[in-house]
Amino acid sequence: MATAGRGSEKVAGDSGRRSQGRSKHRKSKAGWNLLGLLVFVTAGFPVYWMLNTAFKPAKDAIDPDPSLLPTGITFSNFDRALHIADFWGPVGRSLIVSVSVVAIGVVIGLLAALAISRFAFRGRKIVIVGILAVQMVPLVAMIIPVFLLLNDLGQYDRLSGLVLTYLTFILPFTVWTLRGFIVNIPKELEEAAMVDGCSRTTAFIRVVFPLLAPGMVATSVYGFIQAWNEYLYALMLLSQENQTATVWLGNFTTKHGTEYAPMMAGSTLMAVPIVVLFLLVQRKMAAGLTAGAVKG
């Protein structure tokens, strides 16, 4: 009887500990969910407010006591945005610059990352440290040197000059990120392909390149967003006739004040290409963001 009593007490104790463990797990999960919701609201509120202001009447956008919920919906702000200072010209130039930066940056960055991660050469560590050091330099500190250099090269007020400028701060990130992805791909896969008769180039194209695709997509999206949203260099290096979409938004601020509702409508229109691009490559991008997080 005593043994049965002790057994019952042990079972009851184990059951109590399991119940406490489940309770703690639920509380911890609820806490993390609450934190995630808070982060989502904090990050998403500016986007919501942009959309709310873009669709509300212009007089409500300057109301000193604004409403969190839309009081009325109008498309007049988008009409105003599309007809102020040639909307499509700046957007087209931004697309040209962004796509050019991504295309050139990914090609050069991939070759550089492959050399750093697969080949041993003198000064390799110095190159890696140099890539990291370049990313630490504030972009504002390079405006005057970049301006003088582009002026000497005849690239001031040209889209090609802006592309070269953007490559200086997008390439280091591209090289470093792609290096992490390449390091995660075992060399034995290439060696096995070479044993089967492939050259080094063919082995890379057939074996490494498909595995590297998610990382290239994630890097390309980052580069596109950086080039698309950049404002300071586009303002300083291009004239009013060659302005990009971010500089174009400044047309809503005049000596009479700022047209907030049309400006938010213009910002919404500018966000459309980024949203469309993300929706097209979201699966590849999600895989790419986690693929390089193992080692390297």
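**A nonpolar patch, two salt bridges and two pockets**

In this predicted model, W32, L35, L38 and V39 together make a nonpolar surface patch of about 450 Å². One member of the patch, W32, belongs to helix α1, which covers residues 2–55. The relative accessible area of W32 is 60%, and the cut-off for an exposed residue is over 50%, so W32 counts as exposed.

With that patch as a starting point, the overall layout can be described. The protein chain has 296 residues, and 34% of them are buried. Its secondary structure consists of 12 helices and two strands. Reading from the N terminus, the order of elements is α-α-α-α-α-α-α-α-α-α-α-β-β-α, with the two strands placed just before the final helix.

Charged side chains come next. Side chains of opposite charge can pair when their charged atoms come close. The structure contains two salt bridges. In one of them, K59 pairs with D60, and the closest N and O atoms are 3.3 Å apart. The two partners differ in their exposure: K59 has a relative accessibility of 61% and is exposed, whereas D60, at 18%, is buried. The label for D60 follows from the cut-off for buried residues, because buried means under 20% relative accessible area.

The other salt bridge joins R80 to E259, and here the closest N and O atoms are 2.8 Å apart. This pair links distant parts of the chain, as R80 and E259 are 179 residues apart. R80 sits in helix α3 (residues 76–82), while E259 is in the loop between β2 (257–258) and α12 (260–291). Both residues fall into the middle class of exposure: R80 is partly exposed at 37% relative accessible area, and E259 is partly exposed at 26%.

Attention now turns to the pockets. The largest pocket holds about 290 Å³ of space. It is lined by 14 residues, and those closest to its centre are V47, M50, S267, M270 and A271. Three helices, namely α1, α9 (200–229) and α12, each give at least two residues to this lining. Helix α12 provides the largest share, with seven residues. Helix α1 therefore appears twice in this account, since it holds W32 of the nonpolar patch and also helps to line the largest pocket. Sorted by class, the lining has 10 nonpolar and four polar residues, and no charged ones.

The second largest pocket has a volume of about 180 Å³. Its lining consists of V134, M142, P145, V146, L149, L150, L153, L164, T165 and T168. At least two of the lining residues come from each of α6 (143–153) and α7 (159–183), and α6 gives the largest share, five residues. Eight of the lining residues are nonpolar and two are polar. As in the largest pocket, no charged residue takes part in the lining of the second largest pocket.

The loop between α6 and α7 contains D157. This residue has a positive phi of about 65 degrees although it is not a glycine. D157 is partly exposed, and its relative accessible area is 23%.

Finally, two pairs of residues show how positions separated along the chain are placed in space. V102 lies in helix α4, which spans residues 88–118, and is buried at 17% relative accessibility. The C-alpha atoms of V102 and T219 are 8.7 Å apart, although 117 residues separate the two along the chain. The second pair involves T174 of helix α7. T174 is buried, with a relative accessible area of 3%. Its C-alpha atom is 7.8 Å from that of G223, and the two residues are 49 residues apart in sequence. Helix α7, besides holding T174, is one of the helices that supply residues to the lining of the second largest pocket.

Note on methods. Residues numbered from 1 in each chain as written. Predicted model: local features only at pLDDT ≥ 70, side-chain atom pairs only at ≥ 80, totals over all residues. Heavy atoms only, no water. Patch = residues over 30% accessible without salt bridge, like charges linked within 9 Å, V, L, I, M, F, W, Y side chains within 5 Å. Areas by Shrake-Rupley, 256 points an atom, 1.4 Å probe, with all protein chains shown as cover. Salt bridge = Lys/Arg side-chain N within 4 Å of Asp/Glu carboxyl O. Helix = DSSP H or I, 4+ residues; strand = E, 2+ residues; numbered from the N terminus. Buried < 20%, exposed > 50% of the residue type's maximum accessible area, 1.4 Å probe, protein only. 1 Å grid on protein atoms, 1.4 Å probe; cavity = no way out; pocket = protein on both sides within 12 Å on 5 of 7 lines; lining within 4 Å. Points joined across faces, edges and corners; volume = space filled by probe spheres on them. Nonpolar A, V, L, I, M, F, W, Y, C, P; charged D, E, K, R; others polar.
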